[in-house]
Amino acid sequence: KNKLQGKDFLRIGDFTKEELMDLIEFAIKLKNMQKLGEPHRYLEGKTLAMIFEKSSTRTRVSFETGMFQLGGAAQFLSSSDMQLGNGETIADTAKVLSRYVDAIMIRTFGHDIVVEMAENATVPVINGLTDDAHPCQVLADLMTIYEKKGSFDGLKFAFVGDGNNMSQSLLMGCAIMGIDCYIAVPEGNEVKQSVLKQAQEKAKLSGSSVVQTYDPHEAVKGVDIIYTDVWASMGWEGDKEERLKLFADYQVNEALVAGAKDDYLFMHCLPAIRGEEVAAEVIDGANSVVFDQAENRLHAQKAVLASIV
Ligand code: CP
Ligand code: NVA
C-alpha cells in the first residue's frame with residue numbers, strides 16, 4: 001500500500017529524501033506511460049477542487065490535465081467567485097469541499113491559509129503556491145535536474161534574486177537531496193531565518209551545505225545549476241519600481257553565468273520577464289531547461305496526486 005496515501009502536500013520540507021526520490025521515479029514512470037499512450041487511470045472517478053486566489057497558467061492547466069489523464073476530473077474555482085470571497089471561512093469551505101471531492105489544491109497568499117485548510121479538510125490538501133512556498137514547482141525542478149544530470153550527487157546549485165517562495169522551497173529541496181546550495185539576494189530580501197536554519201539542518205543530514213550571500217558572482221562560481229525568479233512576486237507588484245533598482249546587479253546574464261560550469265543548467269519557474277531577472281540570451285540559450293521544468297509540473301503532480309489521493 002502506498003505510504004503517502006492521505007498525506008497533505010504543503011511543504012517540500014515535510015518529505016524525506018527517500019519519499020521525494022520515490023515521487024520523482026514515479027513521475028518519470030508516468031511520463032513514459034503518457035508518451036507511450038499507456039493507460040494509467042489511477043484516479044478513475046476521483047475529483048480535485050482547485051482554489052485560486054492568484055493568477056496561474058502552469059499550475060491550473062497541469063493539474064487539470066493531470067487529473068484528466070489519471071481518469072478523474074478537476075474543478076477550477078476562483079476564490080472571488082466562491083462564498084470565500086463573501087467571507088465564508090476557510091474551515092467551513094474545507095469541511096464542505098471534503099464532502100464532495102477527493103483532494104483540494106489551493107493557491108493563496110498566507111501560508112497559514114493552506115495550513116488551516118489542511119487542518120479542517122478530511123481529504124488531502126496540496127499547496128499550489130503561497131507567499132512562503134511552492135513545493136509542486138520544486139518537485140518538478142528536482143525531477144528535471146535528475147533527468148538532465150542523472151543523479152543529485154556532487155551537484156552545486158545557485159539561486160540568484162529574491163528570498164521568496166521559490167528560493168525558500170528550492171533551498172529546502174536541495175538540502176534534502178544533498179545538493180550544495182548557494183543563494184544570492186540583495187540586502188533586506190533574505191530568505192526567512194527559520195527556513196534557512198531548517199534547510200541547514202537538513203543539509204547536515206544529507207552531507208551538503210546551504211550558504212546565503214549578497215554576492216551573485218560568489219554564488220554561481222563553478223555551479224551546475226543557476227535558478228532565478230521574478231523580482232516582484234504576485235502580491236508585491238506595488239513595489240515594482242523600487243525593486244527594479246534594488247535587484248539591478250542580480251540579473252542572470254552572460255557575464256554572470258560565465259562563472260558557472262560550461263554545462264550548467266539555467267532554470268526558472270516561469271513566468272519570466274526578459275531584461276529584468278534574466279537576459280534573453282540566457283533564458284533562450286542552449287543551457288536553458290525552462291520548458292522541460294514546465295512540462296514536468298504535469299508529471300510530478302500526477303505522481304503526487306496518484307500517491308496521496
Ligand atoms: N510556475 C508556476 O507556478 O506558474 P503559474 O503561475 O503559471 O501556475
Ligand atoms: N515567486 C513567483 C512565482 C510564480 C510561479 C510568485 O510568487 O509570483
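1. Overall size. The radius of gyration is taken here over C-alpha atoms, and the globule rule is 2.2 Å times the number of residues to the power 0.38. For 309 residues that rule puts a compact globule near 19 Å, and the chain has 19 Å, so the two agree. Note that this is a predicted model. Along the principal axes, the C-alpha atoms fill a box of roughly 55 × 45 × 35 Å.

2. Composition and packing. The chain has 12 helices and 9 strands. Of its 309 residues, 57% are buried. Among contacts with a separation of 6 or more, 74% come from residues 24 or more positions apart.

3. Surface and charge. About 13,100 Å² of the chain is exposed. Carbon and sulfur atoms supply 49% of that area. There are 31 positive and 45 negative charges. Their mean positions lie 5 Å apart.

4. Strand S3. This strand covers residues 103-107. It is largely enclosed by the rest of the structure, because 5 of its 5 residues are buried. In a regular strand, side chains alternate between the two faces of the sheet. In S3 both faces are covered. Ala103, Met105 and Arg107 are buried on one side, and Ile104 and Ile106 are buried on the other. Note that an arginine is listed among these buried residues.

5. Partners of S3. Strand S1 (residues 47-52) pairs with S3 in the parallel sense, over 5 bridges. Within this pairing, alanine 49 stands opposite isoleucine 104. Strand S4 (residues 125-127) also runs parallel to S3, joined by 3 bridges. There, methionine 105 stands opposite isoleucine 126.

6. Phenylalanine 63. This residue is found in helix H2 (residues 58-69). Its relative accessible area is 1%, so phenylalanine 63 is buried. Beyond its neighbours within four places in sequence, phenylalanine 63 is in contact with Leu48, Met50, Arg58, Ala74, Met105, Ile126, Cys136, Gln301 and Leu305. Met105 and Ile126 in that list are the residues that stand opposite each other in S3 and S4. Phenylalanine 63 and arginine 297 are 234 residues apart in sequence, with 8.3 Å between their C-alpha atoms.

7. Leucine 129. Check the backbone here. Leucine 129 has a positive phi of about 120°, although it is not a glycine. It is found in the loop between S4 and helix H5 (135-149). With a relative accessible area of 6%, leucine 129 is buried.

8. Strands S5 and S6. S5 (residues 156-160) is mostly covered, with 4 of its 5 residues buried. S5 pairs with strand S6 (residues 180-184) in the parallel sense, over 5 bridges. One bridge partnership here is that of valine 160 with alanine 184 in S6.

9. Asparagine 189. Which loop holds asparagine 189? The one between S6 and helix H7 (193-206). Buried means under 20% relative accessible area. Asparagine 189 has 10%, so it counts as buried. Apart from neighbours within four places in sequence, asparagine 189 is in contact with Asp162, Gly163, Arg243, Leu246 and Phe247.

10. Alanine 203. This residue is found in helix H7. It is buried, with a relative accessible area of 1%. Not counting residues up to four places away in sequence, alanine 203 touches Ala175, Ser208, Ser209 and Val210. Alanine 203 and methionine 177 are 26 residues apart along the chain, and their C-alpha atoms are separated by 8.2 Å.

11. The cis peptide. Which two residues does a cis peptide bond join? They are leucine 270 and proline 271, with omega about 5°. Proline 271 lies in the loop between strand S9 (265-268) and helix H11 (280-283). Leucine 270 lies in the loop between S9 and H11 too.

12. Leucine 270. Its backbone carries a second feature to look at. Leucine 270 has a positive phi of about 65°, although it is not a glycine. Is leucine 270 buried or exposed? Leucine 270 is buried, with a relative accessible area of 12%.

Note on methods. Residues numbered from 1 in each chain as written. Chains lettered and ligands numbered in written order. Predicted model: local features only at pLDDT ≥ 70, side-chain atom pairs only at ≥ 80, totals over all residues. Heavy atoms only, no water. Helix = DSSP H or I, 4+ residues; strand = E, 2+ residues; numbered from the N terminus. Buried < 20%, exposed > 50% of the residue type's maximum accessible area, 1.4 Å probe, protein only. Contact = heavy atoms within 4.5 Å. Areas by Shrake-Rupley, 256 points an atom, 1.4 Å probe, with all protein chains shown as cover. Lys, Arg positive; Asp, Glu negative; His and termini not counted. Charge placed at Lys NZ, Arg CZ, Asp CG, Glu CD. Pairing = 2+ DSSP bridges.
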